[in-house]
Amino acid sequence: MPHPSTSPDMNPIEKCWRYVKQALHRQMRQAVREEWEAIPQAWINLLILKQEHWVNVLMQRHRWSTPN
């Protein structure tokens, strides 16, 4: 059956690629959720506690200022 080679709607392989992409997206979404939930709360708390220190380091190194 002849059809335009540039028409994704008429090309069956495009539908196959869409199926694969959707499946991968679902798997990746689930993996990201699992990894996010595995981050230890103590580590997050430590990052928050160190935030002020790193802001001060950046301000000293680059003479940045932040509005009050």
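These are my notebook entries on one chain, taken from a predicted model.

**Overall make-up.** I began with the secondary structure. I counted 2 helices and 0 strands in the chain. Next I looked up burial. Of the 68 residues in the chain, 3% are buried. I then checked the surface. The chain exposes about 7000 Å². Carbon and sulfur atoms supply 61% of that area.

**Helix α1.** I placed this helix at residues 12–37, and W17 lies in it. I asked whether W17 is buried, exposed or partly exposed. Its relative accessibility is 48%. Exposed requires over 50% and buried under 20%, so W17 counts as partly exposed. I also found W17 in a nonpolar surface patch. Its partners there are I13, Y19, V20 and L24. The patch covers about 540 Å².

**Helix α2.** I moved on to residues 41–62, which form α2 with its 22 residues. From first C-alpha to last, α2 reaches 31 Å. That is close to the 32 Å expected at 1.5 Å a residue. I also looked for a bend in α2. There is a kink of about 40°, and Q51 is at its centre.

**After α2.** I checked the backbone just past the helix. R63 takes a positive phi of about 55° there.

Note on methods: Residues numbered from 1 in each chain as written. Predicted model: local features only at pLDDT ≥ 70, side-chain atom pairs only at ≥ 80, totals over all residues. Heavy atoms only, no water. Helix = DSSP H or I, 4+ residues; strand = E, 2+ residues; numbered from the N terminus. Expected span 1.5 Å × (residues − 1). Bend = angle between axes of the 7 residues up to and from the residue. Buried < 20%, exposed > 50% of the residue type's maximum accessible area, 1.4 Å probe, protein only. Areas by Shrake-Rupley, 256 points an atom, 1.4 Å probe, with all protein chains shown as cover. Patch = residues over 30% accessible without salt bridge, like charges linked within 9 Å, V, L, I, M, F, W, Y side chains within 5 Å. Salt bridge = Lys/Arg side-chain N within 4 Å of Asp/Glu carboxyl O.
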